[in-house]
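Grab the sequence and the model, and let's work through a few exercises together. Try each task yourself before reading its solution.

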Amino acid sequence: MITVEGLDKSFGDVRILEGIDAIFRKGCVNQIIGRSGSGKSVLAKCMVGLHRPEEGRVLYEGRSFHDMNAEEKRSIRQRIGMLFQGSALFDSLTVIENVMFPLRMFGMMEKEEMRERANSCLKRVRIIDKDHLYPAELSGGMQKRVGIARAIAMNPEYLFCDEPNSGLDPQTAIVIDELIKELTEEFNTTTIVITHDMNSVMETGEHIIFIHKGRKWWEGNRDELLRSDNKELNEFVFASSLMRQVKKAMISNS
Amino acid sequence: MSVLFHIGRYFLLLRETFGRPERFSLYWSRTVEEMDLLGVKSLGIVALLSAFMGAVITIQTKTNIDSPLIQAWVVGFATRQSTILEFSPTVISLILAGKVGSNIAAEIGSMRVKEQIDALDIMGVNSAGYLILPKIAATMLINPFLIMISMFLSIFGGWLAGVETGVVVSEDFIQGIQAGFKPYHVVYALVKTIVFAFIITTISAYQGYYTKGGTREVGISSTRAVVYSNVVILFANLVLTQALLL
Ligand SMILES: Nc1ncnc2c1ncn2[C@@H]1O[C@H](COP(=O)(O)OP(=O)(O)O)[C@@H](O)[C@H]1O
Ligand SMILES: [Mg+2]
């Protein structure tokens with residue numbers, strides 16, 4: 001479980017986040033939604049310590065990240081897996097080397113064991129026989145999946161995914177959403193997914209946090225989302241007529 | 001932003017760079033890779049430049065001091081001195097700042113804008129150490145060899161051009177390059193080379209590491225890396241020459 005308390009973040013004079021309070025539950029896919037540029041990635045980066053918030057705290061199982069010493073921070077980070085918006089695979093390493101990278105850096109395994117572990121992660125994300133290709137030789141969807149494989153290589157307790165299915169075709173996007181859900185349930189991770197894909201909000205929708213104007217504007221699950229009369233939330237989620245029809249149909253079904 | 005801000009942040013980055021490596025064997029294998037990439041792959045341009053510059057130095061020296069009062073071996077002597085003292089360590093380092101410096105800044109800068117450095121930090125890797133330290137070690141180890149090869153080829157180029165064009169006689173030239181040879185001058189040149197290698201690598205890495213934005217900014221960082229490395233090398237050259245030769 002990760003708790004965020006009263007988090008403020010600015011860049012220079014520009015206030016990006018203001019007074020964010022949120023609880024990210026264990027074994028649950030917690031989704032952060034909001035307009036592009038609303039500060040979703042900044043929030044995630046504050047949570048993992050890549051940005052330092054001016055105010056507020058981030059607690060991992062009740063312990064404040066920013067109060068930890070360097071050693072404790074490092075140990076928390078080794079329990080975090082993160083998939084970046086642009087995958088952030090290392091260009092100069094092959095697929096298998098990318099996945100093995102955290103294991104080589106911190107693992108206590110023999111070379112063969114590492115290879116096996118990396119291969120099982122790759123199999124998990126359904127990347128097979130691509131070991132020796134470089135990231136530039138993969139499609140966007142494959143890069144994302146390799147990014148997930150690298151993120152889960154160390155058996156993380158906390159999994160952050162920044163727009164895991166942006167720029168993917170709808171079918172691949174669904175595969176990735178399902179994969180994240182599966183992994184979350186199987187390993188009981190605290191998963192945070194940043195998305196503005198309404199399809200995946202409707203599919204997953206366990207715990208949704210809507211960021212608007214730098215604040216937590218709304219929070220709830222999918223059923224609550226369908227019934228919410230929050231103006232900005234409705235404008236954002238049900239912007240298209242298709243989504244409005246989906247809403248109608250889902251409400252009349254239940 | 002002010003110069004002081006950059007100087008302060010540069011030294012903070014250096015402190016992080018020299019922090020404890022997570023896994024020494026990984027750093028070492030990266031150093032070997034970088035020696036190949038930054039050193040061995042620069043051999044071609046260093047060799048080409050050195051041979052031609054040596055040739056030009058010899059011919060120019062001869063045409064400028066052509067006088068019955070000056071003995072014939074002086075051409076070889078002058079070629080050797082200008083090669084060892086200045087041309088190989090300083091000019092070649094300036095060239096390497098252009099080639100290696102822009103390469104380092106572009107590589108680290110694009111890792112920054114593609115969030116690969118964030119990915120390292122998230123894993124708990126000391127990203128500055130992992131990315132920069134092997135490059136510093138590699139250039140400081142390999143550049144002295146590049147410069148020694150440059151010295152040899154420059155003098156050889158001078159000899160070849162001088163003899164081929166008939167401006168010097170082989171024996172005179174060889175007498176000249178042996179005359180009053182001080183091994184300390186080579187030491188001085190190598191000390192300069194090592195200091196310049198450190199300057200090129202750290203300044204370029206600094207520019208790359210703090211790149212903000214996108215590919216356009218990577219280009220800007222890369223240009224800055226070359227310009228600032230050159231300026232600092234010229235300044236350091238003056239200081240080192242006074243400290244080591246006076
Ligand atoms: N390192 C940074 N320095 C300055 N401004 C930033 C930085 N990172 C993000 N921002 C700004 O913060 C705002 C929110 O960005 P971000 O969190 O990436 O949006 P999104 O919700 O699309 O992920 C944007 O206006 C962006 O320009
Ligand atoms: Mg984002």
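Below are four exercises, each with a worked solution.

A word on ground rules: this is a predicted model, so local features need pLDDT of at least 70 and side-chain atom pairs count only at pLDDT 80 or more, while totals for chains, interfaces and linings use all residues. Residues are numbered from 1 along each chain as its sequence is written, chains are lettered from A and ligands numbered from 1 in the order in which they are written, and side-chain values use heavy atoms, with hydrogens and water left out.

**Exercise 1. Find the protein donors of the magnesium ion (ligand 2), and say where they sit in the chain.**

Step 1: Look for donors, meaning N, O and S atoms within 2.8 Å of the metal (3.2 Å for Na, K and Ca); water is not among the atoms, so sites may look incomplete. You should land on OG of Ser41(A) and OE1 of Gln85(A), at 2.0 to 2.6 Å from the ion.

Step 2: Place them. Ser41(A) belongs to helix α1 (residues 40-47) of chain A, whereas Gln85(A) is in the loop between β6 (80-83) and α3 (95-106), 44 residues apart. Helices (H or I, at least four residues) and strands (E, at least two) are DSSP runs, numbered from the N terminus.

Step 3: Check accessibility, where buried means under 20% relative accessible area, exposed over 50% and partly exposed in between (1.4 Å probe, protein chains only). Ser41(A) is partly exposed at 21%, and Gln85(A) is partly exposed at 33%.

**Exercise 2. Describe the contact between chain A and chain B.**

Step 1: Count residues in contact (heavy atoms within 4.5 Å). Chain A brings 25 residues and chain B brings 17.

Step 2: Get the buried area, the accessible area (1.4 Å probe) that two parts lose on being put together, summed over both. You'd get about 1,900 Å², with 60% of that from carbon and sulfur atoms. Phe90(A), Arg104(A) and Met105(A) supply 29% of what chain A buries against chain B, more than any other three residues.

**Exercise 3. Follow Lys45(A) across the interface: which salt bridges does this residue form with chain B?**

Step 1: Apply the rule: a side-chain nitrogen of Lys or Arg within 4 Å of a carboxyl oxygen of Asp or Glu. Four such bridges cross between chain A and chain B.

Step 2: Pick out the partners. Lys45(A) meets Glu115(B) at 2.9 Å, N to O, and Asp118(B) with the closest N and O atoms 3.3 Å apart. Lys45(A) lies in helix α1 of chain A and Asp118(B) in helix α5 (residues 116-123) of chain B, so this pair joins two chains.

Step 3: Buried or exposed? Lys45(A) is buried at 12%, and Asp118(B) is buried too, at 11%.

**Exercise 4. Now look for salt bridges within chain A, starting from Glu72(A) and Glu186(A).**

Step 1: Glu72(A) pairs with Arg63(A), with 3.0 Å between the closest N and O atoms. Glu72(A) is partly exposed at 30%, as is Arg63(A) at 43%.

Step 2: Glu186(A) pairs with Arg124(A) at 2.8 Å, N to O. This one links distant parts of the chain: Glu186(A) is in helix α6 (residues 170-187) and Arg124(A) in helix α4 (residues 111-124), 62 residues apart.

Step 3: For a network, see Asp8(A), Arg15(A), Glu18(A) and Arg215(A), which salt bridges link together. Over all chains, the search finds 26 salt bridges.
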